[in-house]
Amino acid sequence: SLCLQLSAFSLCAEDRYTPIPTVPLGDALLSLPTSHIPTEGTWEVKFTHRFNQSIDQGSFSDRVHSLWGLDSNADVGIGFSYVVSRDLQATFMRSNVNDDIESSLKYVVVQQAPAIPFSLALRGGMDWRTERDVVDRTSFFGQAIVSRQIGTRAEIFAIPTYVTNAGRAVSGTKSVALFKHAFNVPVGAALMVRPGLSVVAELIPKNRNLPSKMNGGDFGWALGLKRAIGGHYFEILLTNSNATHADQYVTSTYQGSPLNKSDIHLGFNIERRFGRVRH
(Lines give C-alpha, C1' and ligand atoms only; values in the text may rest on other atoms or scores of the structure.)
Protein backbone atom coordinates (compact mmCIF):
# COMPACT_ATOMS: atom_id res chain seq x y z
CA SER A 1 0.00 0.00 0.00
CA LEU A 2 2.85 2.35 0.88
CA CYS A 3 4.53 1.56 -2.46
CA LEU A 4 1.33 2.35 -4.32
CA GLN A 5 0.99 5.67 -2.49
CA LEU A 6 4.61 6.60 -3.24
CA SER A 7 4.14 5.65 -6.89
CA ALA A 8 0.98 7.76 -7.16
CA PHE A 9 2.76 10.70 -5.49
CA SER A 10 5.66 10.38 -7.93
CA LEU A 11 3.33 10.33 -10.93
CA CYS A 12 1.45 13.37 -9.60
CA ALA A 13 4.72 15.26 -9.14
CA GLU A 14 5.78 14.36 -12.70
CA ASP A 15 2.48 15.60 -14.07
CA ARG A 16 2.99 18.96 -12.38
CA TYR A 17 6.21 19.44 -14.34
CA THR A 18 4.95 18.07 -17.67
CA PRO A 19 4.66 20.94 -20.22
CA ILE A 20 1.10 21.92 -21.03
CA PRO A 21 -0.20 21.68 -24.63
CA THR A 22 0.70 24.91 -26.42
CA VAL A 23 -1.36 27.25 -28.58
CA PRO A 24 -0.51 26.30 -32.23
CA LEU A 25 1.69 29.27 -33.14
CA GLY A 26 4.89 27.71 -34.45
CA ASP A 27 8.27 29.22 -33.65
CA ALA A 28 7.28 32.80 -34.61
CA LEU A 29 4.25 35.04 -34.08
CA LEU A 30 4.24 37.24 -37.21
CA SER A 31 7.77 38.65 -37.14
CA LEU A 32 8.68 38.17 -33.48
CA PRO A 33 9.93 34.81 -32.16
CA THR A 34 7.92 32.63 -29.78
CA SER A 35 9.20 30.45 -26.95
CA HIS A 36 8.10 27.35 -28.89
CA ILE A 37 10.15 24.99 -31.07
CA PRO A 38 9.09 21.83 -32.94
CA THR A 39 10.16 18.31 -31.97
CA GLU A 40 13.75 17.16 -32.39
CA GLY A 41 14.77 16.46 -35.98
CA THR A 42 12.12 18.75 -37.55
CA TRP A 43 13.06 20.81 -40.61
CA GLU A 44 11.18 23.97 -41.54
CA VAL A 45 11.14 26.31 -44.53
CA LYS A 46 9.61 29.78 -44.20
CA PHE A 47 8.71 32.54 -46.67
CA THR A 48 7.95 36.14 -45.63
CA HIS A 49 6.42 38.81 -47.87
CA ARG A 50 5.69 42.46 -47.04
CA PHE A 51 4.28 44.83 -49.69
CA ASN A 52 6.08 48.19 -49.73
CA GLN A 53 3.16 50.47 -50.50
CA SER A 54 0.91 51.43 -47.62
CA ILE A 55 -2.78 50.66 -48.20
CA ASP A 56 -3.69 54.28 -47.39
CA GLN A 57 -1.05 55.83 -49.67
CA GLY A 58 -2.25 58.13 -52.48
CA SER A 59 -5.72 59.09 -53.63
CA PHE A 60 -8.57 56.58 -53.74
CA SER A 61 -8.15 56.08 -57.50
CA ASP A 62 -4.39 55.54 -57.00
CA ARG A 63 -5.10 52.92 -54.37
CA VAL A 64 -7.59 51.16 -56.62
CA HIS A 65 -5.09 51.27 -59.50
CA SER A 66 -2.39 49.65 -57.34
CA LEU A 67 -4.85 47.19 -55.76
CA TRP A 68 -4.16 48.74 -52.36
CA GLY A 69 -0.45 48.01 -52.55
CA LEU A 70 -0.65 44.57 -54.15
CA ASP A 71 1.00 45.92 -57.33
CA SER A 72 3.91 47.41 -55.36
CA ASN A 73 7.34 45.92 -54.81
CA ALA A 74 7.87 43.82 -51.72
CA ASP A 75 10.40 42.94 -49.06
CA VAL A 76 10.73 39.18 -49.08
CA GLY A 77 12.67 36.58 -47.14
CA ILE A 78 13.32 32.87 -47.17
CA GLY A 79 14.49 30.88 -44.18
CA PHE A 80 15.34 27.38 -43.04
CA SER A 81 15.47 25.92 -39.54
CA TYR A 82 16.35 22.61 -37.93
CA VAL A 83 15.75 21.35 -34.39
CA VAL A 84 19.13 20.00 -33.35
CA SER A 85 18.00 18.61 -30.00
CA ARG A 86 14.88 18.66 -27.88
CA ASP A 87 15.49 22.24 -26.72
CA LEU A 88 17.74 23.73 -29.43
CA GLN A 89 16.78 25.12 -32.86
CA ALA A 90 19.11 26.56 -35.52
CA THR A 91 17.71 29.05 -38.07
CA PHE A 92 19.10 30.64 -41.23
CA MET A 93 17.15 33.38 -43.04
CA ARG A 94 17.92 35.69 -45.95
CA SER A 95 16.02 38.92 -46.73
CA ASN A 96 16.30 41.07 -49.85
CA VAL A 97 16.47 44.12 -47.54
CA ASN A 98 20.20 44.96 -47.56
CA ASP A 99 20.62 41.34 -48.67
CA ASP A 100 20.55 40.57 -44.94
CA ILE A 101 21.54 37.04 -43.90
CA GLU A 102 20.50 36.15 -40.34
CA SER A 103 21.67 33.05 -38.49
CA SER A 104 20.48 32.23 -34.99
CA LEU A 105 20.09 29.64 -32.25
CA LYS A 106 17.08 29.37 -29.94
CA TYR A 107 17.29 27.42 -26.70
CA VAL A 108 14.20 26.58 -24.63
CA VAL A 109 15.17 26.95 -20.98
CA VAL A 110 11.85 26.00 -19.43
CA GLN A 111 8.32 25.29 -20.65
CA GLN A 112 5.14 26.23 -18.84
CA ALA A 113 3.63 23.45 -16.73
CA PRO A 114 1.15 23.28 -13.84
CA ALA A 115 4.06 23.90 -11.43
CA ILE A 116 5.86 26.42 -13.71
CA PRO A 117 3.93 29.63 -14.49
CA PHE A 118 5.77 30.67 -17.68
CA SER A 119 7.96 29.57 -20.59
CA LEU A 120 11.42 30.97 -21.26
CA ALA A 121 13.62 30.70 -24.34
CA LEU A 122 16.90 32.40 -25.20
CA ARG A 123 17.75 33.37 -28.77
CA GLY A 124 20.95 34.82 -30.14
CA GLY A 125 22.62 35.26 -33.48
CA MET A 126 24.18 37.43 -36.13
CA ASP A 127 23.05 39.45 -39.15
CA TRP A 128 25.34 39.98 -42.13
CA ARG A 129 24.26 42.63 -44.65
CA THR A 130 25.85 41.78 -48.00
CA GLU A 131 24.46 44.58 -50.20
CA ARG A 132 26.88 47.08 -51.79
CA ASP A 133 27.62 50.45 -50.14
CA VAL A 134 26.69 49.17 -46.70
CA VAL A 135 28.86 50.07 -43.72
CA ASP A 136 28.62 48.26 -40.36
CA ARG A 137 27.72 45.05 -42.13
CA THR A 138 27.39 42.78 -39.09
CA SER A 139 25.06 42.87 -36.10
CA PHE A 140 24.87 40.60 -33.08
CA PHE A 141 21.70 40.16 -31.07
CA GLY A 142 20.38 38.48 -27.96
CA GLN A 143 16.79 37.93 -26.88
CA ALA A 144 14.95 36.51 -23.89
CA ILE A 145 11.50 35.25 -24.89
CA VAL A 146 9.16 35.06 -21.91
CA SER A 147 5.60 33.84 -22.41
CA ARG A 148 2.59 33.00 -20.30
CA GLN A 149 -0.25 30.84 -21.60
CA ILE A 150 -3.67 31.69 -20.21
CA GLY A 151 -6.00 28.72 -20.33
CA THR A 152 -5.83 26.69 -23.54
CA ARG A 153 -6.46 29.47 -26.06
CA ALA A 154 -4.42 32.59 -25.19
CA GLU A 155 -0.72 33.39 -24.79
CA ILE A 156 1.17 36.63 -24.12
CA PHE A 157 4.86 37.35 -24.82
CA ALA A 158 7.56 39.82 -23.76
CA ILE A 159 10.84 39.77 -25.69
CA PRO A 160 13.67 41.92 -24.27
CA THR A 161 16.07 42.39 -27.21
CA TYR A 162 19.59 43.78 -27.49
CA VAL A 163 21.26 44.39 -30.88
CA THR A 164 24.55 45.92 -32.02
CA ASN A 165 24.78 48.08 -35.18
CA ALA A 166 21.00 48.22 -35.48
CA GLY A 167 18.87 50.18 -37.93
CA ARG A 168 19.97 52.06 -41.03
CA ALA A 169 20.81 55.69 -41.80
CA VAL A 170 22.19 57.29 -44.97
CA SER A 171 25.58 59.00 -44.84
CA GLY A 172 26.52 60.34 -48.28
CA THR A 173 26.25 57.33 -50.59
CA LYS A 174 26.65 54.82 -47.77
CA SER A 175 24.18 53.04 -45.52
CA VAL A 176 25.43 53.04 -41.93
CA ALA A 177 24.14 51.79 -38.57
CA LEU A 178 21.73 54.14 -36.81
CA PHE A 179 22.49 52.62 -33.38
CA LYS A 180 25.75 51.10 -32.18
CA HIS A 181 23.77 49.51 -29.35
CA ALA A 182 19.98 49.23 -29.30
CA PHE A 183 17.55 47.81 -26.74
CA ASN A 184 13.81 47.35 -26.83
CA VAL A 185 11.10 45.10 -25.40
CA PRO A 186 8.63 44.00 -28.09
CA VAL A 187 5.47 42.32 -26.86
CA GLY A 188 2.94 40.03 -28.51
CA ALA A 189 -0.29 38.16 -27.88
CA ALA A 190 -2.28 35.41 -29.52
CA LEU A 191 -5.85 34.20 -29.09
CA MET A 192 -7.07 30.96 -30.66
CA VAL A 193 -10.61 31.69 -31.85
CA ARG A 194 -11.19 28.18 -33.19
CA PRO A 195 -8.98 25.08 -33.44
CA GLY A 196 -5.95 25.94 -35.58
CA LEU A 197 -7.00 29.59 -36.15
CA SER A 198 -5.53 32.38 -34.04
CA VAL A 199 -5.59 36.17 -33.98
CA VAL A 200 -2.04 37.42 -33.41
CA ALA A 201 -0.85 40.91 -32.42
CA GLU A 202 2.62 42.43 -32.04
CA LEU A 203 3.69 45.78 -30.57
CA ILE A 204 7.19 47.23 -30.66
CA PRO A 205 7.53 50.34 -28.44
CA LYS A 206 9.17 53.46 -29.79
CA ASN A 207 12.87 53.16 -29.02
CA ARG A 208 13.60 55.64 -26.24
CA ASN A 209 17.03 56.41 -27.70
CA LEU A 210 15.70 57.29 -31.15
CA PRO A 211 17.64 60.36 -32.42
CA SER A 212 15.72 63.64 -32.40
CA LYS A 213 16.48 64.05 -36.12
CA MET A 214 14.03 61.17 -36.76
CA ASN A 215 11.20 63.67 -36.05
CA GLY A 216 9.45 61.69 -33.37
CA GLY A 217 8.62 58.38 -34.94
CA ASP A 218 5.99 55.94 -33.71
CA PHE A 219 5.71 52.46 -32.30
CA GLY A 220 5.58 49.41 -34.55
CA TRP A 221 2.51 47.21 -34.72
CA ALA A 222 1.20 44.16 -36.57
CA LEU A 223 -2.13 42.35 -36.51
CA GLY A 224 -2.81 39.11 -38.32
CA LEU A 225 -4.51 35.75 -38.62
CA LYS A 226 -2.56 32.51 -38.28
CA ARG A 227 -3.92 29.19 -39.60
CA ALA A 228 -2.22 25.97 -38.56
CA ILE A 229 -2.96 22.96 -40.78
CA GLY A 230 -0.85 19.90 -40.15
CA GLY A 231 2.74 20.93 -40.80
CA HIS A 232 1.73 24.22 -42.47
CA TYR A 233 1.30 27.70 -41.00
CA PHE A 234 -0.37 30.38 -43.10
CA GLU A 235 -0.35 33.98 -41.85
CA ILE A 236 -1.85 37.13 -43.34
CA LEU A 237 -1.20 40.42 -41.60
CA LEU A 238 -1.43 44.20 -41.57
CA THR A 239 1.48 46.20 -40.18
CA ASN A 240 3.13 49.61 -40.20
CA SER A 241 6.61 48.06 -40.43
CA ASN A 242 8.12 45.64 -42.94
CA ALA A 243 10.85 44.58 -40.47
CA THR A 244 11.37 40.84 -40.05
CA HIS A 245 14.90 40.68 -38.51
CA ALA A 246 15.90 41.67 -34.98
CA ASP A 247 18.33 44.35 -36.20
CA GLN A 248 15.46 45.92 -38.17
CA TYR A 249 12.56 46.03 -35.70
CA VAL A 250 14.37 46.86 -32.44
CA THR A 251 14.93 50.53 -33.42
CA SER A 252 11.26 51.36 -34.24
CA THR A 253 12.49 52.58 -37.64
CA TYR A 254 12.76 50.87 -41.00
CA GLN A 255 15.49 51.49 -43.56
CA GLY A 256 16.35 54.88 -42.07
CA SER A 257 12.76 56.15 -41.83
CA PRO A 258 10.83 56.54 -38.55
CA LEU A 259 7.71 54.43 -38.31
CA ASN A 260 4.29 56.00 -38.80
CA LYS A 261 1.59 54.25 -36.80
CA SER A 262 -1.03 55.08 -39.46
CA ASP A 263 0.82 53.24 -42.28
CA ILE A 264 -0.79 49.93 -43.23
CA HIS A 265 1.21 47.39 -45.20
CA LEU A 266 -0.21 44.05 -46.25
CA GLY A 267 1.96 40.99 -45.70
CA PHE A 268 1.94 37.24 -45.36
CA ASN A 269 4.08 34.33 -44.16
CA ILE A 270 4.08 30.69 -45.23
CA GLU A 271 5.79 28.00 -43.16
CA ARG A 272 6.14 24.28 -43.84
CA ARG A 273 7.53 21.69 -41.46
CA PHE A 274 9.00 18.35 -42.39
CA GLY A 275 9.20 15.60 -39.80
CA ARG A 276 7.27 14.96 -36.62
CA VAL A 277 4.95 17.89 -36.14
CA ARG A 278 4.46 19.51 -32.74
CA HIS A 279 2.90 22.97 -32.40
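The following questions and answers go through a predicted model, strand by strand and residue by residue.

Reader: What does the chain average in pLDDT, and which element has the lowest mean?
Author: The model is predicted, and 86% of its residues score at least 70. The chain averages a pLDDT of 88. Among the elements, strand 7 (residues 154-158) has the highest mean, 98. The lowest mean, 50, belongs to helix 2 (residues 60-65).

Reader: Which strands pair with strand 7?
Author: Strand 6 and strand 7 are antiparallel and share 5 bridges; across this pairing, Arg 148 stands opposite Ile 156. Strand 7 is also joined by 5 bridges to an antiparallel partner in which Ala 190 is the bridge partner of Glu 155. The strands asked for are strand 6 and strand 10.

Reader: Which residue takes a positive phi in the hairpin of strand 6 and strand 7?
Author: This hairpin has 3 residues between the strands. One residue there has a phi near 70 degrees. That residue is Gly 151.

Reader: How many bridges does strand 11 form with strand 10, and how many with strand 12?
Author: Strand 11 (residues 197-204) pairs in the antiparallel sense with strand 10 (residues 187-194), and Leu 203 is the bridge partner of Val 187. The hairpin of strand 10 and strand 11 has 2 residues between the strands, and Gly 196 takes a positive phi near 85 degrees in this hairpin. Strand 11 is also antiparallel to strand 12 (residues 220-229), where Leu 225 stands opposite Val 199. The counts are 7 bridges with strand 10 and 8 with strand 12.

Reader: Which residues make the covered face of strand 11?
Author: In a regular strand, side chains alternate between the two faces of the sheet. In strand 11, the uncovered face has Leu 197, Val 199, Ala 201 and Leu 203. The covered face is made by Ser 198, Val 200, Glu 202 and Ile 204.

Reader: Which strand gives the most to the largest nonpolar core?
Author: The largest nonpolar core has 35 residues, and Leu 25 and Leu 29 have the most contacts inside it. Elements giving two or more residues to this core include strand 6 (138-150), strand 8 (161-171) and helix 3 (246-249). The most, 4 residues, comes from strand 9.

Reader: Is His 49 buried or exposed?
Author: His 49 is found in strand 1. Its C-alpha is 6.5 Å from that of Ala 74, a residue 25 positions away in sequence. The relative accessible area of His 49 is 19%, and the cut-off is under 20%, so His 49 is buried.

Reader: Why does Phe 47 count as partly exposed?
Author: Phe 47 is found in strand 1 (residues 43-51). It is one of the residues of a nonpolar surface patch of about 590 Å², with Phe 80 and Ile 270 among the others. Partly exposed lies between the limits of 20% and 50%, and Phe 47 is placed there because its relative accessible area is 39%.

Reader: What are the relative accessibilities of Asn 98 and Asp 133?
Author: Most residues other than glycine have a negative phi. Asn 98, in the loop between strand 3 and strand 4, has a positive phi of about 60 degrees. Asp 133, in the loop between strand 5 and strand 6, also has a positive phi of about 60 degrees. Asn 98 counts as buried at 7%, and Asp 133 counts as partly exposed at 42%.

Conventions: Residues numbered from 1 in each chain as written. Predicted model: local features only at pLDDT ≥ 70, side-chain atom pairs only at ≥ 80, totals over all residues. Heavy atoms only, no water. Patch = residues over 30% accessible without salt bridge, like charges linked within 9 Å, V, L, I, M, F, W, Y side chains within 5 Å. Areas by Shrake-Rupley, 256 points an atom, 1.4 Å probe, with all protein chains shown as cover. Salt bridge = Lys/Arg side-chain N within 4 Å of Asp/Glu carboxyl O. Buried < 20%, exposed > 50% of the residue type's maximum accessible area, 1.4 Å probe, protein only. Pairing = 2+ DSSP bridges. pLDDT = per-residue confidence, 0-100. Core = buried A, V, L, I, M, F, W, Y, C linked by side-chain atoms within 4.5 Å.
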